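This report is written for a reader who is beginning to study protein structure. Please look at the sequence and the model before reading on.

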Amino acid sequence: MTSFDYSSIKSNIIAHKVESYTYTYGTAGFRTKAELLDSVMYKVGILATLRSKKLGGATIGVMITASHNPEEDNGVKLVDPRGEMLEQSWEGYATSLANAKGGDALAEVVEEIVAANKIDTEAPAAVIYGYDTRPSCAELVKCLELGLEVSGAKATNFGLKTTPMLHYLVRCINTANTSDSYGEPTEEGYYKKLSEAFKTSVKGKSRLSPLTVDCANGVGAPKLREFLRYLPEDVLSVNIMNDDVTSLGKLNKDCGADYVKTQQRAPPGSKIAPGSRFCSYDGDADRIVYYFVDSNGTFRLLDGDKIAGLAAMFIMELVHDAGISSIKVGVVQTAYANGSSTNYLTKVLNVPVSCVSTGVKHLHHEAEKYDVGVYFEANGHGTVLFSPEALNTIKTTEAKTPAQKHAIDQLQALTELINQTVGDAISDMLLVETILTNRQWTCEEWNQAYTDLPNRLVKVVVKDRHIFKTTNAERQLVEPVGLQGEIDALVAKYANGRSFVRASGTEDAVRVYAEASTRAETDELASKVAQLVYDRAGGVGGRPLS
Ligand code: G16
């Protein structure tokens, strides 16, 4: 470890950004083609050190991954001390650093951050980092390490990890030996915590039929396999598919949660028969969607909205049975939530629902406002947060009946089972399996809660996606001026029609969402809005859905 050293910071050749590219710390950090990221990794190393110094030496996490993106992309994001996403006010610093041209400009931005935050550059700093299975990770890790070294951080390489594991580790390290201790800061500690909680959650219930897990040929595959060594086959039976992490080009290719959600079909080659239960992770195992085929052979998706509904229903019943009505449950969604799911939550479960912009950071912060905040994006990214007061109430409530005791024990186990730092495919899978096992439900029974409105998500590539500006939790466009009016006019022609347009924060594309009463109308509406966007905003490549 060296001390914080401006001359080394600026003299490294790697400080020089790719001249023609503008970087943005977006929905989930920096994400783009891997070959554009060397300088970004270096600068993120410096930023992580500064963040740690600012926070009194608390451990900061850095995760190198591009999650659901294609294999040739990569990315990086910072994790704050409690395992949550980087505080939003620092995202601007990340962007300024990444776009600083050359060593002098970089040193200037660093000086600005130091001054604005009154950072003592001689203070200690600790940073841990992990990465997924992408072939570009090895090179990018070296660039990150260089940034950590010139800025004087105590750096620890945790190696190959799922994104949620890294979030878990950061929180464990920062809460060790406190009353708030989150767990043992090791991969084994993570496996033990989740497996023990799962065993308690399903105790006395018959095991369900085997679950098939599509791991998107990503890091979820080896990690799930390892995790299962902690759970006997008679507690949970799992078949793993799409677990090839060594062949080039397979990550997220025609498989994984994003593929299943956007294509609304099972990955090719899945032997999915009526009665069987499937789920798909994404490339870094922080998202999950379930699916099955019904008795007519029709594919049915149980996405993040369905998981939120299932979790809210189960937790509300437990809270009721435990006799702790002071605990109020709330659900957080985004504009992508299916209209039927919002209807089910508000009208059937009578649970408060808030809608926020896309991005885990937005959902997470909103969920913190509830005693128990369930948050899920429709794409399968989400978790459940228990407030400190709710945790305390669950821990200290004394049961007066066996039924009450059972409900309290179940709630207690859920607080351990759920990764409360961020969405986690393994933990969310265990949550769903817990609920289905306790109810002895099939996917078909779970799916009966409500019927999704048909929906379609389309990507449109345009010259500059940054011209798209939204308001009202991304449900309306402000710019390009006039486009929202044209979209509204199209939507008005369809029963139960809804459509919105926003720039992706992780891919170079604009996303168009549409839903309506029938499949045909939905597809027509999606295609009309996508073509409108393409025509008005300088579409690139072929016209969408023509
Ligand atoms: C990331 C974010 C999610 C977001 C998704 C798509 O997921 O963590 O919150 O929903 O990107 O975002 P966008 O529509 O802005 O591209 P992941 O799983 O790729 O990390």
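The sections below treat the model, its domains, two helices and the ligand.

## Basis of the model

This is a predicted model, in which local features need pLDDT of at least 70 and side-chain atom pairs count only at pLDDT 80 or more, while totals for chains, interfaces and linings use all residues. Residues are numbered from 1 along each chain as its sequence is written.

## Domains

The domain assignment, which is automatic or from a database, gives domain 1 (6-160), domain 2 (190-301), domain 3 (304-424) and domain 4 (455-536). The C-alpha centres of domain 1 and domain 2 are 32 Å apart.

## Two helices

Helices here are DSSP runs (H or I, at least four residues), numbered from the N terminus. Helix α7 covers residues 187-201 and has 15 residues. Its buried residues (20 or more other C-beta atoms, placed from the backbone, within 10 Å of their own) include Y190, Y191, L194 and F198. Among the elements that cover the buried residues of α7 are α6 (163-175) and α14 (402-417).

Helix α10 comprises residues 304-321. Of its 18 residues, 14 are buried, so α10 is mostly covered. Just after α10, G323 has a positive phi of about 70 degrees.

## Ligand surroundings

The ligand is surrounded by 18 residues (C-beta atom, placed from the backbone, within 6 Å of it). The closest are T27, S67, S504, G505 and T506. By class, the shell has two nonpolar residues (Ala, Val, Leu, Ile, Met, Phe, Trp, Tyr, Cys and Pro), six charged (Asp, Glu, Lys and Arg) and 10 polar (the others, Gly among them).

Note on methods
Expected span 1.5 Å × (residues − 1). Buried ≥ 20, exposed ≤ 12 C-beta atoms within 10 Å, placed from the backbone. Contact = placed C-beta atoms within 7 Å.
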